[in-house]
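Student: Hi! I've just opened a structure I haven't seen before. Could you walk me through it?
Tutor: Happy to. Let's bring it up and go step by step.

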Amino acid sequence: MTKKHIYPFLFVLASASLALTGCGQATTSAAPASSASASQSTAALTVSDPWVKAAESGMTAAFGTIRNTTDKDITIVSATTPATAMAELHETIMGANGTMQMQAKQGGFVIPAKGELTLAPGENHIMMMGLTKPVQPGDEIAFELALNDGSTISFTAPGKDFSGANENYSGGQTPAPSSSK
Ligand SMILES: [Cu+2]
């Protein structure tokens, strides 16, 4: 059983230092974007209401709702975007110390047949690490999702201001409040 709902904005203060300490130890699993051109006439996956949390530098995340239009489960194995040096598929779990923690989703995101997966602050998300430039509200960020069948899905997501849902990593580092710049 989990405890009562923990409001994500409790963790806002941790964000600045997370930018430095957060995903530093993430494994470099950036799979080469297989250029199997996604030329299916009907997209197996659709992405609705995508957005990226605006951020000056460091890391941020992308959200939205991914729907599987087929009658077979589909696994998203990796995500890439020119906006960051590295993108990862993350899940958020309740850590032992009662704070929300995020970590790479083992095996990727599975979108059930005819179902959908919601990416939202405090839940699953596409982690973006090493921003190549600031993400401003209104910016259009391009993404490519690699699927388990070798195909890819592309979409763009606008930047949006959002405060909250700055989960900790399960690596267990205690964010140091001072050294954020
Ligand atoms: Cu994350």
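Student: Of the contacts in the chain with a separation of 6 or more, what share comes from residues 24 or more positions apart?
Tutor: That share is 74%. Keep in mind as we go that this is a predicted model.

Student: OK, and what is the chain built from, in helices and strands?
Tutor: The chain has 1 helix and 11 strands. Starting at the N terminus, the helix comes before the strands.

Student: Where is the confidence lowest, and where is it highest?
Tutor: The lowest is helix α1, residues 15-21, with a mean pLDDT of 40, while the highest is β3, at 98. Residues 1-40 have a pLDDT below 50, although the model gives this stretch 69 contacts beyond near neighbours in sequence. Residues 170-181 also stay under 50, with 18 contacts beyond four places in sequence.

Student: What should I do with those parts?
Tutor: Where pLDDT is low, the predicted coordinates should not be read in detail. For the whole chain, the average pLDDT is 78, and 67% of the residues score at least 70.

Student: Let's go to β3 then. Is it mostly covered or mostly open?
Tutor: Mostly covered: 5 of the 7 residues in β3 are buried. For the chain, 33% of the 181 residues count as buried.

Student: Which strands does β3 pair with?
Tutor: β3 pairs with β6 in the antiparallel sense, over 3 bridges. β3 also pairs with β9, again antiparallel, over 4 bridges.

Student: Which residues stand opposite each other there?
Tutor: Toward β6, Ile74 stands opposite Ile111. Toward β9, Ser78 stands opposite Ala146.

Student: Tell me about Ile111. Is it buried or exposed, and why?
Tutor: Ile111 counts as buried because 23 other C-beta atoms lie within 10 Å, and the cut-off for buried is 20 or more. Ile111 sits in strand β6.

Student: What is Ile111 in contact with, apart from its neighbours within four places in sequence?
Tutor: Its contacts are Leu45, Ile66, Asn68, Asp73, Ile74, Ile76, Glu116 and Leu117.

Student: And how far is Ile111 from Thr70, by C-alpha atoms?
Tutor: The C-alpha atoms of those two residues are 9.9 Å apart, with their positions 41 residues apart along the chain.

Student: Switching topic: which residues of the largest nonpolar core touch the most other members?
Tutor: Those are Ala62, Ile76, Ala79, Ile126, Met128, Phe143 and Leu145, in a core of 30 residues. Elements that give two or more residues to this core include β1, β3, β6 and β9.

Student: What does Ala79 touch?
Tutor: Setting aside residues up to four places away in sequence, Ala79 touches Ala87, Leu89, Ile126, Phe143 and Leu145.

Student: Why would such residues gather?
Tutor: In soluble globular proteins, nonpolar side chains tend to be buried together.

Student: Last topic: which residues have a positive phi although they are not glycine?
Tutor: Asp49 is one of them, with a phi of about 50°. Lys114 is another, with a phi of about 60°. Most residues other than glycine have a negative phi.

Student: Where are Asp49 and Lys114 placed?
Tutor: Asp49 is in strand β1, whereas Lys114 lies in the loop between β6 and β7.

Student: Are they buried or exposed, and why?
Tutor: Asp49 is exposed, because 12 other C-beta atoms lie within 10 Å, and 12 or fewer counts as exposed. Lys114 also counts as exposed, with 12 C-beta neighbours inside 10 Å.

Note on methods. Residues are numbered from 1 along each chain as its sequence is written. This is a predicted model: local features need pLDDT of at least 70, side-chain atom pairs count only at pLDDT 80 or more; totals for chains, interfaces and linings use all residues. A nonpolar core is a set of buried Ala, Val, Leu, Ile, Met, Phe, Trp, Tyr and Cys residues joined through C-beta atoms within 7 Å. Two residues are in contact if their C-beta atoms, placed from the backbone, lie within 7 Å. Two strands pair if DSSP finds at least two bridges between them. pLDDT is the predictor's confidence in each residue, from 0 to 100.
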